[in-house]
Amino acid sequence: MDTLDYSIYLEKPLILKGCSKKSVPQQIYTLAIQKLTPFAKSIMFGEACSAVPLYKSK
């Protein structure tokens with residue numbers, strides 16, 4: 001995840017999709033949030049119709 005260009009998410013609302021047939025460790029979501037927070041306008045978790053807000057820029 002260190003080699004990705006996160007600037008493409010600058011000032012955009014993001015949803016981390018949580019449903020999958022494969023298990024994703026919580027540490028991956030934590031790392032994603034840490035990497036995306038400086039760029040994203042907001043970060044939510046879940047499906048678009050019922051997403052839970054995790055972060056919102058000021």
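Buried means a relative accessible area under 20%, exposed means over 50%, and partly exposed is anything in between, with a 1.4 Å probe and only protein chains counted. Keep that in your pocket, and let's start the tour.

This is a predicted model, in which local features need pLDDT of at least 70, side-chain atom pairs count only at pLDDT 80 or more, and totals for chains, interfaces and linings use all residues. Residues are numbered from 1 along each chain as its sequence is written, and side-chain values use heavy atoms, with hydrogens and water left out.

**Stop 1: the sheet**

Switch to a cartoon view. You should find three strands making an open sheet in the order 1-2-3, with mixed pairing. Strands here are DSSP runs (E, at least two residues), helices are DSSP runs too (H or I, at least four residues), and both are numbered from the N terminus. Two strands count as paired if DSSP finds at least two bridges between them. Strands of a sheet pair through backbone hydrogen bonds, either parallel or antiparallel.

Which strands stand at the edges? Strand 1 and strand 3 (52-56) do. Each has a single partner strand, so one side of each is left without a neighbour in the sheet. From one strand to the next, the twist averages 25°.

Now colour strand 1 and strand 2 (residues 42-45). They run parallel and are joined by four bridges. For one example, pick Leu16: its bridge partner in strand 2 is Phe45.

**Stop 2: the helix on top**

Select residues 26-36, which are helix 1. Helix 1 packs on the sheet and touches strand 1, strand 2 and strand 3, where contact means heavy atoms within 4.5 Å. The direction of helix 1 makes about 170° with that of strand 1; axes are lines fitted to C-alpha atoms, for helices over the stretch in contact, and angles run from 0 to 180 degrees between N-to-C directions.

**Stop 3: two faces of strand 1**

Show the side chains of strand 1. Leu14 and Leu16 are on the covered face, while Pro13 and Ile15 are on the uncovered one. Zoom in on Leu14: is this residue buried or exposed? Leu14 counts as buried, at 12% relative accessibility. Leaving out residues up to four places away in sequence, Leu14 touches Tyr9, Leu36, Ala40, Ser42, Ile43 and Met44. Try the distance tool as well: the C-alpha atoms of Leu14 and Ala48 are separated by 9.9 Å, although the two residues are 34 apart along the chain.

**Stop 4: along strand 2**

Next, click on Ser42, which sits in strand 2. With 13% relative accessibility, Ser42 counts as buried. Ser42 stands opposite Lys56 in strand 3, and Lys56 is also among the residues that Ser42 touches, together with Lys12, Pro13, Leu14 and Tyr55 (again skipping residues up to four places away in sequence).

Move on to Met44, also in strand 2. Met44 is partly exposed, with a relative accessible area of 25%. Beyond four places away in sequence, the contacts of Met44 include Leu14, Leu16, Val52 and Leu54.

Now follow the chain towards strand 3. Strand 2 and strand 3 pair in the antiparallel sense over four bridges. Their hairpin has six residues between the strands, and there Gly46 takes a positive phi near 120°.

**Stop 5: before strand 1**

Go back to the start of the chain and select Asp2 and Lys35. How many salt bridges does a search of the whole structure find? It finds one. A salt bridge here is a side-chain nitrogen of Lys or Arg within 4 Å of a carboxyl oxygen of Asp or Glu. Asp2 and Lys35 form a salt bridge, with the closest N and O atoms 2.5 Å apart. Asp2 lies in the segment before strand 1 and Lys35 in helix 1, so the pair ties together parts that are 33 residues apart in sequence. Asp2 is exposed at 66% relative accessibility, and Lys35 is partly exposed at 23%.

Last click: Glu11, also in the segment before strand 1. Glu11 has a positive phi of about 60° although it is not a glycine. With a relative accessible area of 52%, Glu11 is exposed.
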